Amino acid sequence: MTHAMVKGSNVQLETVAVRAVLCWAPGPGVPDVDASALLLGEGGRVGSDEDFVFYNQPLHPSGAVRHVAQTQEQDGMRESVEADLGSVAGQVDRVLLAASTDGGTFADVQRLRLLLYSGGEAAGEPLLQFDIEPETGAETAMICGELYRRGTGWKFRALGQGYDTGLVGLATQYGITVEEPGPDSGSRPGASTGTGPGSTVREQPAPSVPAQTPGPGPTPAPTPDAATVPAFDSSRRASEPEDFPIAAPAPGPAAGAPSPIAATGPGPAAPAQPGYAYPQPPQQPPATRPAYGYPQPAYGYPQPDPDFALPPQGPQFQNR
């Protein structure tokens, strides 16, 4: 009896030889779908680029996992991945079962499902069936499920996790270096020939370039001479107004004439000016007369009266 899986569910496997079959319905506008597998270690990455099994690298070096080419059956298109889990190396912790589209997204793929059969043949009734539904419709790669170790046995988990980066983005996420085809090649991407995760693509030898003899250099620009430069037209220039007219300077003193500055002698000193905004004090005489013996300033004081006498004083000054 076939066990129907839902996303996130898992089941114990009673067999170590399985065949995962990816099925979908063909039709106009339906992109091509490719199945692939990645053998991951405990760190969740491949040990080398050879751990990526797909249409351009259909057999793992250990022989434990292989890709089966696409076929068309009565119920639709099929492409498979076979795995002998008993022959998988001990450092491999999981085998991811993935799918990718070529020429569209999974929104255009109808009746996409993963069937898991016991043994190496897709015959009889499948053990498991997982119907895969894209979440956004923009996915171009899907991790349909995974085969993973549990104790001494293996289990299967239904995932249905989508990516919009295609097969290249899915593979590089797990440490694979993928060669992108050229714009005119028309072929699918292929795995690199590196020896480890993140290894670079093998460099191709540079094409030989025939030696070239140096050609003539650029022709230098001709220098102007009397034959090429037009003569200056003085009549035309005299008829044009000046852009910035300049006033004529005033005539200076004749040669040998004495300098007007030297002929001018020093003049009277200018009176001191009061500070700014302060009024000039009036010229008034001081309130007291100068002391005896000092010259009388010409301030207009009146001369003393010779007939002036003191008024009578108190009784203490009168004769008795």
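Let's start with G145, which sits in strand β11 of this predicted model. With a relative accessibility of 0%, G145 counts as buried, because the cut-off for that label is under 20%. What does G145 touch once its neighbours within four places in sequence are set aside? The contacts are V95, L96 and L97, together with F156, R157 and L159. There is also G160 to look at: G145 and G160 are 15 residues apart in sequence, and their C-alpha atoms are 6.6 Å apart in space.

Now widen the view to the strand that holds G145. Strand β11 covers residues 141–150, and it pairs with β12, residues 153–163, in the antiparallel sense over nine bridges. You can pick out individual rungs of that ladder: M142 has G162 as its bridge partner in β12, and R149 is matched with W154 in β12. The two strands make a hairpin with two residues between them. Have a look at G151 in that turn, where phi is positive at about 70°.

Stay with β12 for a moment. This strand is mostly covered, with eight of its 11 residues buried. β12 also pairs with β2: the two run antiparallel and are joined by three bridges. In one of the pairings, N10 finds its bridge partner in R157 of β12. That same R157 turned up earlier among the contacts of G145.

Where does all this fit in the wider sheet? β11 and β12 belong to an open sheet of six strands, in the order β2-β12-β11-β8-β4-β5, with antiparallel pairing. At its edges are β2 (10–12) and β5 (52–53), each of which pairs on one side only. A helix comes into the picture here too: α1, residues 166–173, lies across β4, β5, β8, β11 and β12. Relative to β11, helix α1 runs at about 30°.

There's a second open sheet to walk through. Its six strands come in the order β1-β10-β9-β3-β7-β6, and the pairing is mixed. The edge strands are β1 (3–5) and β6, each pairing on one side only. On average, neighbouring strands of this sheet are turned by 20° against each other, direction ignored.

Inside this sheet, β3 and β9 pair in the antiparallel sense over seven bridges. One of the matches is L22 with L114, the latter being the bridge partner in β9. Keep that pair in mind for the cavity below.

β9, residues 110–118, also holds R111. What is the phi of R111? It is positive, about 55°, although R111 is not a glycine. As background, most residues other than glycine have a negative phi. R111 counts as exposed, because its relative accessibility of 57% is over the 50% cut-off.

On to Q74, in the loop between β6 (65–73) and β7. Is Q74 buried or exposed? Q74 is exposed, because its relative accessible area of 87% is over 50%. In sequence Q74 and A25 are 49 residues apart, while in space they are 9.9 Å apart, C-alpha to C-alpha.

Now for the empty space inside. Rolling a probe the size of a water molecule over the atoms shows where such space is left. The count comes to one cavity of 30 Å³ or more, and the largest cavity has a volume of about 60 Å³. Which residues line the largest cavity? The lining consists of A20, L22, A35, S36, E79, V81, L97, A98, A99, L114 and C144. Here are L22 and L114 again, the bridge partners from β3 and β9.

Four strands each give at least two residues to that lining: β3 (17–25), β4 (32–40), β7 (76–84) and β8 (94–102). The largest share, three residues, comes from β8. β3 and β7 are strands of the mixed sheet, whereas β4 and β8 are in the antiparallel one. By class, the lining has nine nonpolar residues, one polar and one charged.

Finally, step back to the whole chain. It has 320 residues, of which 32% count as buried, and it contains three helices and 14 strands. Among its contacts with a separation of 6 or more, 64% are between residues 24 or more positions apart.

Methods
Residues numbered from 1 in each chain as written. Predicted model: local features only at pLDDT ≥ 70, side-chain atom pairs only at ≥ 80, totals over all residues. Heavy atoms only, no water. 1 Å grid on protein atoms, 1.4 Å probe; cavity = no way out; pocket = protein on both sides within 12 Å on 5 of 7 lines; lining within 4 Å. Points joined across faces, edges and corners; volume = space filled by probe spheres on them. Nonpolar A, V, L, I, M, F, W, Y, C, P; charged D, E, K, R; others polar. Pairing = 2+ DSSP bridges. Contact = heavy atoms within 4.5 Å. Axes fitted to C-alpha atoms, helices over the stretch in contact; angles between N-to-C directions. Buried < 20%, exposed > 50% of the residue type's maximum accessible area, 1.4 Å probe, protein only.
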